[in-house]
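Trainee: I have a model open and would like to practise reading it feature by feature. Could you walk me through it?

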Amino acid sequence: MEQESGSGADHVAMRWNGWGDPRKAKELPRAVRTLLPLLLGRIRRPEEPVSLDAVRIDDSALTAEDLDAFRSVVGAEHVDESAEARIRHAGGRSTPDLLRRRAREQRVPDAVVRPAAHDEVRACLEVAGERGVAVIPFGGGTSVVGALDPDRGTHHGVVTLDLRRLTGLVRLDELSGEAVLAAGTTGPEAESLLSAHGLELGHFPQSFRYATIGGFAAARSSGQNSAGNGRFETMVTGIRVATPTGTSNSGAHPARRRGPT
Ligand SMILES: Cc1cc2nc3c(=O)[nH]c(=O)nc-3n(C[C@H](O)[C@H](O)[C@H](O)COP(=O)(O)OP(=O)(O)OC[C@H]3O[C@@H](n4cnc5c(N)ncnc54)[C@H](O)[C@@H]3O)c2cc1C
């Protein structure tokens, strides 16, 4: 089969300093607002959130040569140094992450690079390795363990590799039910692509709407059907991983199959 693309329908930009689609934001019900101080005692009102354009960030630490090297891999339009992109990729969605986003000064990656294919990811890692730039892979951005913090360590700069352009159903074996999905495919996209073939992924963490196949695998995610279907790691039969020194393939066959072998 030809690769089937994701619909992109659920790629509504998440609220930059919160959770979910800002057009559907809801107030806490009055009853909950009344109950909370009774349960928790008097709560100091948090600082008002800052607007995205009021956030102050450092200039990008990348050199013109660094930027050109990434541009030569993914195209100039997919190397984003804008303040908005850098702020939107400054971390995950844990409570500390969200509280940090209320500050006027924020630590952000030096650029956001958006590869569209496995070979581009590999080439970006090669460039980063050669030029001493740290890389943070970024799927749906829903991490709650600080895994997306833009730490540059001993490197002179840090880029976020936003993988959401790698989307779609790459291959499907309808007999065994084994599907190959691109790393940046979100939960809803995967379900919609598979349902066209009468199949389902059946992995439903609470972050389903935004989280991606690559993020599920990297974080060994579990969801509300995991008691029956197993955690994500038990659903994975193989992974192709781009590394700075080449490609690593692990696993190749479904753990179980129907019919004669
Ligand atoms: C409201 C909310 C509810 C949540 N509910 C659940 C839940 O029910 N169950 C659960 O398990 N988790 C849950 N989480 C945590 C999080 O959603 C999961 O860990 C999810 O699997 C992360 O996927 P992501 O695509 O958003 O990855 P990201 O958050 O973007 O990245 C997570 C980690 O994976 C790495 N990564 C991402 N993509 C790739 C890739 N393609 N290749 C290599 N590395 C990659 C990142 O560098 C990072 O280290 C929740 C989070 C929130 C905010």
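Mentor: Let's begin with the hairpin of S5 and S6, keeping in mind that this is a predicted model. Four residues sit between the two strands of this hairpin, and Gly177 there takes a positive phi near 80°.

Trainee: How do the two strands of that hairpin pair, and over how many bridges?

Mentor: The general idea is that strands of a sheet pair through backbone hydrogen bonds, either parallel or antiparallel. Here, strand S5 (residues 169-173) runs antiparallel to strand S6 (residues 178-181), with four bridges between them. You can follow the register residue by residue: Arg171 is opposite Val180 in S6, and Asp173 is opposite Glu178 in S6.

Trainee: Is Gly177 buried or exposed?

Mentor: Gly177 belongs to the loop between S5 and S6. It has 16 C-beta neighbours inside 10 Å, so Gly177 counts as partly exposed. For a sense of scale, the C-alpha atoms of Gly177 and Val73 are 34 Å apart in space, with their positions 104 residues apart in sequence.

Trainee: Which residue has a positive phi although it is not a glycine?

Mentor: That is Arg220, with a phi of about 50°. Arg220 is found in the loop between H7 and helix H8 (226-229). Arg220 is exposed because just 11 other C-beta atoms lie within 10 Å. A glycine to set beside it is Gly75, just after H2, where phi is positive at about 90°.

Trainee: Let's turn to H2, then. Which of its residues are buried?

Mentor: The general idea first: an α-helix has 3.6 residues a turn, so residues three or four places apart point the same way. In helix H2 (residues 64-74), the buried residues are Asp66, Ala69, Phe70 and Val74. Looking down the axis of H2, these buried residues fall within an arc of 115°, so they line one face of the helix. Ala64, Glu65 and Ser72, on the other side of H2, are exposed.

Trainee: What covers the buried residues of H2?

Mentor: The cover includes strand S1 (79-80), strand S2 (111-113), helix H5 (118-131), strand S3 (133-138) and strand S4 (157-162).

Trainee: Four of those are strands. In what order do they stand in the sheet?

Mentor: They form an open sheet of four strands with the order S1-S2-S4-S3 and mixed pairing. S1 and S3 are at the edges and have a single partner strand each, so one side of each lacks a neighbour in the sheet. S2 and S4 are parallel to one another, joined by three bridges. As one position to check on screen, Val112 has Thr160 in S4 as its bridge partner.

Trainee: Where should I look for the largest nonpolar core, and which residues have the most contacts inside it?

Mentor: This core has 36 residues, and those with the most contacts inside it are Phe70, Ala111, Val113, Cys124, Ala128, Val159 and Leu161. Two or more residues come from each of H2, S2, H5, S3, S4, helix H6 (187-195) and helix H7 (213-219). H5 gives the largest share, five residues. Domain 1 (61-162) and domain 2 (169-250) both contribute residues, so the core lies between them. To look at one member closely, take Ala111: beyond its neighbours within four places in sequence, Ala111 is in contact with Ser60, Leu62, Leu67, Val79, Asp80, Glu81 and Val159.

Trainee: How many residues of each domain are in contact with the other?

Mentor: Eleven residues of domain 1 are in contact with 14 residues of domain 2. On the side of domain 1 that touches domain 2, the residues divide into two nonpolar, seven polar and two charged. The C-alpha centres of the two domains are 23 Å apart.

Trainee: One last residue, Ala83. Where does it lie?

Mentor: Ala83 is part of helix H3 (residues 83-88). Ala83 is partly exposed, because 15 other C-beta atoms lie within 10 Å. Its C-alpha atom is separated by 32 Å from that of Arg240, which is 157 residues away along the chain.

Technical notes: Residues are numbered from 1 along each chain as its sequence is written. This is a predicted model: local features need pLDDT of at least 70, side-chain atom pairs count only at pLDDT 80 or more; totals for chains, interfaces and linings use all residues. A residue is buried if 20 or more other C-beta atoms lie within 10 Å of its own, exposed if 12 or fewer, and partly exposed in between; C-beta atoms are placed from the backbone. The arc is that of the directions from the helix axis to the C-beta atoms. Two residues are in contact if their C-beta atoms, placed from the backbone, lie within 7 Å. Domain bounds come from an automatic or database domain assignment. Ala, Val, Leu, Ile, Met, Phe, Trp, Tyr, Cys and Pro count as nonpolar, Asp, Glu, Lys and Arg as charged, and the others, Gly among them, as polar. A nonpolar core is a set of buried Ala, Val, Leu, Ile, Met, Phe, Trp, Tyr and Cys residues joined through C-beta atoms within 7 Å. Two strands pair if DSSP finds at least two bridges between them.
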